[in-house]
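Subject: Structure handover

Dear colleague,

Here is the structure for your files. My notes on it follow below.

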Amino acid sequence: MTVSVLRTHTGAARQGWHNLQWLVPLTALWIVLIYWLPIIQTSGVPTTIHQLTAHGLIALGLWLGLESTDLARDQRRTTWLAVMIPYTLWFAVAWSGAINGAFRTGTSLPLLPVAIWLPVIIGVPLSLLSKRVGQVLDVMPATWLIALQLYRVFGSWALVAALRGVLTGLLGWPAGVGDMLTGLFALPVAIALATGTAQGRRAAIIWNIFGLADFAVAITIGAITSPGPLQLIVPEVPSIGATGAYPDVLSPAFVVPSSILLHALSLRQLHRRAASQSVTPE
C-alpha cells in the first residue's frame, strides 16, 4: 500500500467520522423535538420539505448526468422528461391520495400495497435494463445516489411513534432504527466510495443491501400487523397499514419505493464501474 493511498484511507475515515459527529446529535435532537412536540411531524411540514428536496436533487442529478453524456441535446431533454414527468405525477398522486385518505383501511380497494409495489415492479426493470439509464450511471458520480439518501434519517418518526404508543413497536422499532442508520451512514459511505478503493466499494454494497433489508423487514412486518389477508398479528396499537393517515402513510406509499429504486440504481452503477475498470489497489 502506497503512502498516498494510506493517506486517502485515513482522510476518508476521519471525514466520515466527523460527519457522524454532527449527524448523530442532529438526528437525536430531531427525535427529541418530534417526541415532545408531535405537531411538528403530524403537520406534514417535515415530510413536505425532505420529499421536495429529494425530488429536486433527483431532477438536478439526472440533468447533470445527462449533460455529461454524448447524447444530443434533444435526446437529453427527452430522456429527462421521460423520467421526471411520471416520477412527478406519481409523487403528486401519492401525496394527494394520502391527504384525502385514499390509503385508509376500509376503502373499497386496498391502495397502499399498490402504491408500494407498482412503482417497484415497473421501475426496477427499467432501472436495471435501460441502456440510456446505464449511460447516465456511467458518467454520474457513484457517491450521488448514496449521499442523497441522507433523508432516511427522517424515518426516525416511526421510532418516535412507537415510543409514544401511536404505532406498534413491532413495526416502529425496526423500521425507525433501520431507516435512521441507513441515513446516518449515507455520507460516510459516500465518502469512503469516493476514494475509489475496493474497501469503499464494499462498504457501498453493504450499505445498499442493508437499506434494502430494512425495507424488506418493514414491509413484511407492516403486512402481517395490518388488517388484510396477510395479517398474522393483531397488535394492541395500530400498525401503519391500519390507519393509512397522512403524513406517515407517505413513507410506505412514496418514500419506500423511491428509495428502493435509488438502491437498485446504485447497485447497478457499482456493478458497471467494477466491470469496466479495475479498482484502485489498496
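A residue is called buried below when its relative accessible area is under 20%, exposed when over 50%, and partly exposed in between (1.4 Å probe, protein chains only). This is a predicted model, in which local features need pLDDT of at least 70 and side-chain atom pairs count only at pLDDT 80 or more, while totals for chains, interfaces and linings use all residues. Residues are numbered from 1 along each chain as its sequence is written, and side-chain values use heavy atoms, with hydrogens and water left out.

Overall fold

The chain has 13 helices and zero strands (DSSP runs numbered from the N terminus, with H or I of at least four residues for helices and E of at least two for strands). Of its 282 residues, 45% count as buried.

Salt bridges

Five salt bridges turn up in a search of the whole structure, a salt bridge being a side-chain nitrogen of Lys or Arg within 4 Å of a carboxyl oxygen of Asp or Glu. One of them joins Asp179 and Arg152, at 2.6 Å from N to O. Asp179 is in helix α9 (residues 169-184) and Arg152 is in the loop between α7 and α8, so the pair ties together parts that lie 27 residues apart in sequence. Asp179 is buried at 12% relative accessibility, and Arg152 is buried at 1%. Both belong to a network of salt bridges that links Arg152, Asp179 and Asp214.

Another salt bridge is formed by Asp74 and Arg77, whose closest N and O atoms are 3.0 Å apart. These two are three residues apart in helix α4, which means a separation of about one helical turn. Asp74 is exposed at 51% relative accessibility, whereas Arg77 is partly exposed at 34%. Arg76 pairs with Glu67 through their side chains, at 3.4 Å from N to O. Here Arg76 is buried, with 12% relative accessibility, and Glu67 is partly exposed, with 36%.

Contacts between residues apart in sequence

Ser156 sits in the loop between α7 and α8 (157-163) and is buried, at 0% relative accessibility. Its C-alpha is 5.5 Å from that of Met180, with the two positions 24 residues apart in sequence numbering. Trp80, in helix α4, is partly exposed with a relative accessible area of 23%. Trp80 and Trp63 are 17 residues apart in sequence and 6.5 Å apart from C-alpha to C-alpha.

Cavities and pocket

The search ran on a 1 Å grid over the protein atoms alone: a cavity is a set of points where a 1.4 Å probe fits but cannot get out, a pocket is an open set with protein on both sides within 12 Å along at least five of seven lines, and lining residues have an atom within 4 Å of a point. Grid points are joined across faces, edges and corners, and a volume is the space filled by probe spheres set on the points.

Two cavities of 30 Å³ or more were found. The largest holds about 150 Å³. It has 17 lining residues, with His50, Phe154, Gly155, Trp157 and Ser251 nearest its centre. Helix α3 gives the largest share of this lining, four residues. By class the lining has eight nonpolar, six polar and three charged residues (nonpolar: Ala, Val, Leu, Ile, Met, Phe, Trp, Tyr, Cys and Pro; charged: Asp, Glu, Lys and Arg; polar: the others, Gly among them).

The second largest cavity has a volume of about 50 Å³. Its lining includes Gln51, Tyr87, Tyr151 and Phe254, and α13 supplies the largest share, five residues. There are seven nonpolar, three polar and no charged residues in this lining.

The largest pocket contains about 1,000 Å³ of space. Of its 30 lining residues, Ile58, Leu62, Val83, Ser127 and Leu265 lie nearest the centre. The lining is made up of 23 nonpolar, six polar and one charged residues. Among the helices that each supply at least two residues to it are α3, α4 (73-99) and α5 (111-129).

Regards
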